[in-house]
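Q: Could you take me through one long helix in this model and what it touches? I'd like a close look with the numbers, in one connected answer.

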Amino acid sequence: MINEGRINVRVRQLKAGRLSSVLARFHGRRDAAGLREFLTDTAAGRTPADDGLPPYILGLRAQVGRGAARLRSRTLAEHGELYVRIQAESVRVVTQYTVRGEPAPAALARFGRMVGQWRSAASVDRQRAQQLVDEANQLIACYWDAAWARTRREGHVSGGRPTGWLPGQIALDRTWAQLDDGLLSDRWYAPERAGHDADPSAVAQALHILDHQAARGGATPSGPGRR
């Protein structure tokens, strides 16, 4: 168990530069005494639960969450007009292909260009969000390296930090997996299956038409794909 009384830290910055790495190691060394049981459990082959993570790690996770949310909001703020046009054009595409059963290559190509612009913008912000995750994980590694090294010097564990052992490691959540999910806003904050089992929206139907027509040699969307 982590002795929270021995751990008191506020994460001030996230960038994994030299100073931040030094600070992460400082916090790890300082917190080591309160983490002794946590580390010795690992040395004994047990897997400590994430709900006992120290405040430094929780602070990093919170910063990444806030940063990723800001990036997502910025995508909509900077491309709000494009978002509205995609919503409107999707209705036209679905009407032509699904309701009337009449292919409309020009409308689909126009929709594809809009979606391509959206995917390009969303891809940039996803890369930035991934950078936040990578920088935070680097600091987490520095923190645990220092905590483990001090605990080893005190004779409570032996050897180096186990390969792959990184409690609190951060990963982008599932809402970043599909670039087009930004156009399906119900999938951002709803439970895991919400929106996926319901009747598809016009945008979802139009995206399906776009991707399948492109696969068959029809209109070709520009920009990166859905992943």
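**A close look at one helix**

A: Let's start with a single side chain: Asp 145 has a relative accessible area of 28%, so it counts as partly exposed, the class between 20% and 50%. Keep in mind that this is a predicted model. Asp 145 sits in helix H5, and its salt-bridge partner, Arg 161, is 16 residues away in the loop between H5 and H6, a pairing that links distant parts of the chain. The closest N and O atoms of Arg 161 and Asp 145 are 2.5 Å apart. Arg 161 is partly exposed too, with a relative accessible area of 25%.

Now the helix packing. H5 runs over residues 105–153, H1 over residues 18–31, and their axes come within 7 Å, crossing at roughly 40°. The crossing of H1 past H5 is right-handed. Asp 145 turns up here again: it is one of the H5 residues making this contact, along with Gln 138, Leu 139, Cys 142, Tyr 143, Ala 146, Ala 147, Arg 150 and Arg 153. From H1 come Ser 20, Ser 21, Ala 24, Arg 25, His 27, Gly 28, Arg 29, Arg 30 and Asp 31. Sort the residues of this contact by type and you get six nonpolar, five polar and seven charged.

What about the greasy side of things? The largest nonpolar core holds 24 residues, and Leu 39, Tyr 56, Ile 57, Ile 140 and Trp 144 have the most contacts inside it. Helices H2 (36–43), H3 (55–78) and H5 are the elements giving two or more residues to this core. H5 supplies the largest share, 10 residues. There is also a second, separate core of 23 residues, with Tyr 97, Leu 184, Ala 206 and Leu 210 among its members.

Back to the charges, just past the end of the helix. Glu 154 lies in the loop between H5 and H6 (186–189), and it is paired with Arg 36 of helix H2; the closest N and O atoms in that salt bridge are 3.5 Å apart. These two are 118 residues apart, so to speak a link between distant parts of the chain. Arg 36 has a relative accessible area of 32% and is partly exposed, and Glu 154, at 35%, also counts as partly exposed. Returning to the loop partner of H5, Arg 161 in the loop between H5 and H6 is tied to Asp 145 in helix H5. Elsewhere, salt bridges that share partners join Arg 36, Arg 150 and Glu 154 into one network. Arg 150 is also one of the H5 residues in the contact with H1.

For context, the salt-bridge count comes to 11. One that sits inside a single helix is Arg 92 with Glu 89, with the closest N and O atoms 2.5 Å apart. Both lie in H4 (residues 80–99), three residues apart, about one turn of the helix. Their surroundings contrast: Arg 92 is partly exposed at 44%, while Glu 89, at 5%, counts as buried because the cut-off is under 20%.

Finally, the approach to H5. Pro 103 is found in the loop between H4 and H5. At 60% relative accessibility, Pro 103 counts as exposed. Its C-alpha atom is separated by 8.7 Å from that of Val 93, 10 residues away along the chain.

Note on methods. Residues are numbered from 1 along each chain as its sequence is written. This is a predicted model: local features need pLDDT of at least 70, side-chain atom pairs count only at pLDDT 80 or more; totals for chains, interfaces and linings use all residues. Side-chain values use heavy atoms; hydrogens and water are left out. Axes are lines fitted to C-alpha atoms, for helices over the stretch in contact, and angles run from 0 to 180 degrees between N-to-C directions. Helices (H or I, at least four residues) and strands (E, at least two) are DSSP runs, numbered from the N terminus. A crossing is left-handed if the near helix is turned anticlockwise from the far one by less than a right angle, and right-handed if clockwise. Contact means heavy atoms within 4.5 Å. Ala, Val, Leu, Ile, Met, Phe, Trp, Tyr, Cys and Pro count as nonpolar, Asp, Glu, Lys and Arg as charged, and the others, Gly among them, as polar. A nonpolar core is a set of buried Ala, Val, Leu, Ile, Met, Phe, Trp, Tyr and Cys residues joined through side-chain atoms within 4.5 Å. Buried means under 20% relative accessible area, exposed over 50%, partly exposed in between (1.4 Å probe, protein chains only). A salt bridge is a side-chain nitrogen of Lys or Arg within 4 Å of a carboxyl oxygen of Asp or Glu.
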